[in-house]
Structures are given as C-alpha cells and as structure tokens.
Amino acid sequence: MAAADGETVALRTEVAALRLRVLELERENQRLAQIASSCSCSAKEDTVTPSPVASASLYGCDQELHKGKQHESRTSEHGANLPFDHMAISTEKEVLCNSDGGGHSDAPKIKRSHAKRTGHQVGTVSHCQKRLVALKIMYFGQRFYGFASEAQTEPTIESEVFKALERARLLVSSRKESCYSRCGRTDKGVSATGQVISLYLRSNMRDAGGNVLDERSEIDYVRVLNKILPRDIRVIGWCPVAADFLARFSCLGREYKYLFWKGGLDTSKMQKAASKFIGEHDFRNFCKMDAVNVSNYKRRITDFDISAYDQRSSDDELWAMTIKGSAFLWHQVRCMVAVLFLIGQGLESTFVVDSLLDITKTPRKPQYTMAPELPLILRSCLFDKVSFMCSSDARQALIEHFKDEYHQYMLQAAIYYEALSCLSSPEPNPYESHQKKRNHIPLMSRQTEPSYEERTSKVKAKSTVLK
C-alpha cells in the first residue's frame, strides 16, 4: 500500500512538472508569435527550404531561431499540442536570410501558406543585415518612359530595377526608408552605360558598415539581379559606400555622349560653337524651364568635344558629341545639340550661342525643337573613392549577353541594308539646301517662351488665388 502511494505521489509530481513545462512553452510560443508577426514575408504562399539553424547566424538573422528549434523538439517529446508552429518560424527566417536572391536550392522544399500580416512589405527582409550599396546600371531606353517612375507611366527603368530587387529579396525596407538616390534622371528613350543608384540592400557581412575584404563572402548583386532584370537593363558593378553617400549629391561630374551621322554638317563650325559652352553659364535658354522647382540655372561645362566615331556606313560617317559637366538641367544636352545642328547646317551663325547665353540680352528662350532623344547616352558618373566591382562569373555573363545583343542588332541592320539595296537612289536636288535656308526662321527672330520671372510671378499669383 505504501509502495502504491509512493508511485501515485511520483506520478502526480511528474504530471505537475509537465504542466508547468507546457505553460512555459505556451508563453514562449506567444513570444515567438509576436516576433513572427513583425517578420516581413513575401507572399501568401511560398516555397520554403529547411536548412540548418547555423546558417541563420551566417546571414546575420535573429538568434531566436535556435530557441524555436529546441522548444519544437521538446514539445514533440512530451506530445503537447501547442498553438503555434515553431518550425514555420524557423524555416521562414532561414529561407529569407539564406537566399542570395536567386531563389534556387537543391534541398527538399515544403509548401505552406500563411495569412497576411499588418505592416507587410512585399519583397523586403527587414530582419537581415544591411549595407549601403551603389549600383552601376546600363540600359537601352528605347522602350522605356524615362528612368524615374514618379510619373506613374510604365515601363520605366527604375520600376524594373525595384521589381528585380523585390524578387531577389534584397530590399531591407520600403523604398523611402532605404535612402534611395539616383544620379541622373534620363528622359524617355535615352540610354545609359553608367547610371548610378544608391540604397540599403541585404548583406551577408557581419560588419555591414565595413569594406568587403573578400568579395566572395558577399552577395553577388550583379549576378543575382541580372538573372531577373529584362534584357535591356543590366547591373554592371556594385560598391559599398559611406553612410552619408547619395548618388545624386555625391556625384562630382557627369558625361553624356550624343551620336549623329555627319552627312553634310560642318563639324568644324559646330566645334567652334560648342567651345563657347565650356565654363559656367546660365543655361536657361538651353533647357526646359522648371520655375517651380529650379531657381538657379547656372551650370558648369568642363569639356565639349565633337569627333568622328569608329563606325561608318557605305555613304556616311558616324560622329559623337561628348559633353562633360558637374550637373545638367532638364533637356539641356538635347537643346545644346539642337542649336549646334542648326549651326552645322549653315542655318545659324556660331554667335547665336553667345546671344542665347547672355540672359540680359535674351531673357526669353526662342522656340525651337530639341534634338531627338534616341542617340543620347548617359556615358558615366564620376565619384570620389567609389570603385565598382564585378565578379568574374558575372562579368563573363555580361560579355556574352552584350555580344549576343550586338549580333542580333547587326542582323537587323543587315536586313535594312538589304532593303535599301533593292531601291534606286533618287537624283540629288541642288535646290534643297537653298530652299531649307529660305524657309528657316532665325532663332533670334522667333517667338519666345515666358521668362523665368514671368513664370514665377504666374505661379505665385495662382497660389494666391488658391488660398
């Protein structure tokens, strides 16, 4: 009887201990549930790859994962039914942090669904390590409505870049919170070989503020993003930058290149006129004026060169204008090029540049058409102590990609050339040049746009009426 009573007491003691343990686990569940509710997840249904908990520390994620694994194991031993799935928390955090953006894994995959959570930010991983990164981007602007996506017109280069960043799980916060900055804001149809943006991205580095001593340990941003981006946009380099770096305001200089066929243009006169742009001038007559946001129209041009390019067709030669400066106004390059074309055609004198740069003499911009956007390229952006890097694998993939694109465009050009060969050339018209000159209205005799002062007074009057 005494033995039976002893066994009963022992069982009751063990049951009481188990109940206390269950209560502890339930409290731990509630704590982990709060952590999971603030975790950013990317979709209603994801493909999740279980991986060792040790990998979480490698990618800078919460150490709570290991605790979740331990509790999940203890719970299964005691057979208790807990209200939250620890495995779901662990695998979700591990996958978000371990993925380098490609979304590929050879490990077994588990499909599960989860509910929407408040504060959900698609494509961001806010609980991972981050670092401020500059990305060098190349794009061909023919099918895009410019670089910036603020006008709500799609597609834009910027919108495609952010789609890729979200898909690659590289964003650590919203666009506004990521300290995003762009160096240049190219127009519709304009291309670039050296556009630069900066923002905070997910990182593998423990000390995300330090430099990459071994780039193999960091995410290969170039390779990851180029697997997702459309064929006419490519990231060609990346670089860790200081915390106060902004692509727009940290830029020391920008270089543009404008391609054109020489034809009958007098390039020596064009070069003489182009030299007048060098230095600091008020370029309000060589831009699209934005009186609401811009009050200073002085800009510095450091170099303006017009020279033969290394390509030619059977009857013409390709040339290029290379323009370097600290910063540029809206449509400034295309306006300068348009006036130079008029000079090259013999329709304007080189002195028209002097007149347009003298805002006292010419306070209002004459109406004229800008040069086409297609041949314009943002060639490069200059920064201090920023050296872009690219892994050998990513560089090789870029070379193969651009070779393939080049060959495709050369095939198209050959087809057009074949079409031209099927047509007979028309007889030259000796009066065409004379007729063009006779119909031309000199720039200084044309109707003008409102001056800056007239625009600002109109804006003030309008704001007064609205009040």
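Here is a chat between a trainee and a mentor about the structure above.

Trainee: Before we dig in, what kind of model is this, and how many helices and strands does the chain have?
Mentor: This is a predicted model, where local features need pLDDT of at least 70, side-chain atom pairs count only at pLDDT 80 or more, and totals for chains, interfaces and linings use all residues. Residues are numbered from 1 along each chain as its sequence is written, and side-chain values use heavy atoms, with hydrogens and water left out. Helices (H or I, at least four residues) and strands (E, at least two) are DSSP runs, numbered from the N terminus. On that basis, the chain has 12 helices and 11 strands.

Trainee: What share of the 467 residues is buried?
Mentor: Buried means under 20% relative accessible area, exposed over 50%, and partly exposed in between, with a 1.4 Å probe and protein chains only. By that cut-off, the buried share of the 467 residues is 45%.

Trainee: Is S355 buried or exposed, and where does it sit?
Mentor: S355 belongs to helix α9, residues 351–357. Leaving out residues up to four places away in sequence, S355 touches K361, T362 and M444, a contact being heavy atoms within 4.5 Å. Its relative accessible area is 12%, so S355 counts as buried.

Trainee: How many disulfides are there, and which cysteine sulfur is nearest to that of C287?
Mentor: A disulfide here is a pair of cysteine sulfur atoms within 2.5 Å, and searching the whole structure turns up zero. C287 is in no disulfide, and 6.7 Å away is the nearest cysteine sulfur, that of C335.

Trainee: Is C287 buried or exposed?
Mentor: C287 has 1% relative accessibility, so it counts as buried.

Trainee: How many aromatic pairs does the structure hold?
Mentor: Rings of Phe, Tyr and Trp (its six-membered ring) pair if their centres lie within 6.5 Å; planes under 30 degrees apart count as stacked, over 60 as edge-to-face and the rest as tilted. With those rules, the number of aromatic pairs is 13.

Trainee: What sort of pair do F260 and F341 make, and which elements does it tie together?
Mentor: Their ring centres are 5.6 Å apart with the planes at 70°, so the pair is edge-to-face. F260 is buried at 6% relative accessible area, and F341 is buried at 14%. The pair ties together parts 81 residues apart in sequence, because F260 is in strand β7 (residues 253–261) and F341 in helix α8 (residues 332–344).

Trainee: And how far apart in sequence are the parts tied together by Y297 and Y452?
Mentor: Y297 and Y452 form an edge-to-face pair, 5.7 Å centre to centre with 70° between the planes. Both Y297 and Y452 are buried. Y297 lies in the loop between β8 (279–282) and β9 (298–312), and Y452 in helix α12 (residues 452–466), so the parts are apart by 155 residues.

Trainee: Which ring does the charged end of K365 sit over?
Mentor: A charge sits over a ring if NZ of Lys or CZ of Arg is within 6 Å of the ring centre and within 35 degrees of the ring normal. The charged end of K365 is 4.9 Å from the centre of its ring, that of Y368.

Trainee: Last one: which helix gives the largest share of the largest nonpolar core?
Mentor: A nonpolar core is a set of buried Ala, Val, Leu, Ile, Met, Phe, Trp, Tyr and Cys residues joined through side-chain atoms within 4.5 Å. The largest has 91 residues, and L135, F286, M321 and L340 have the most contacts inside it. The largest share of this core, 10 residues, comes from α8.
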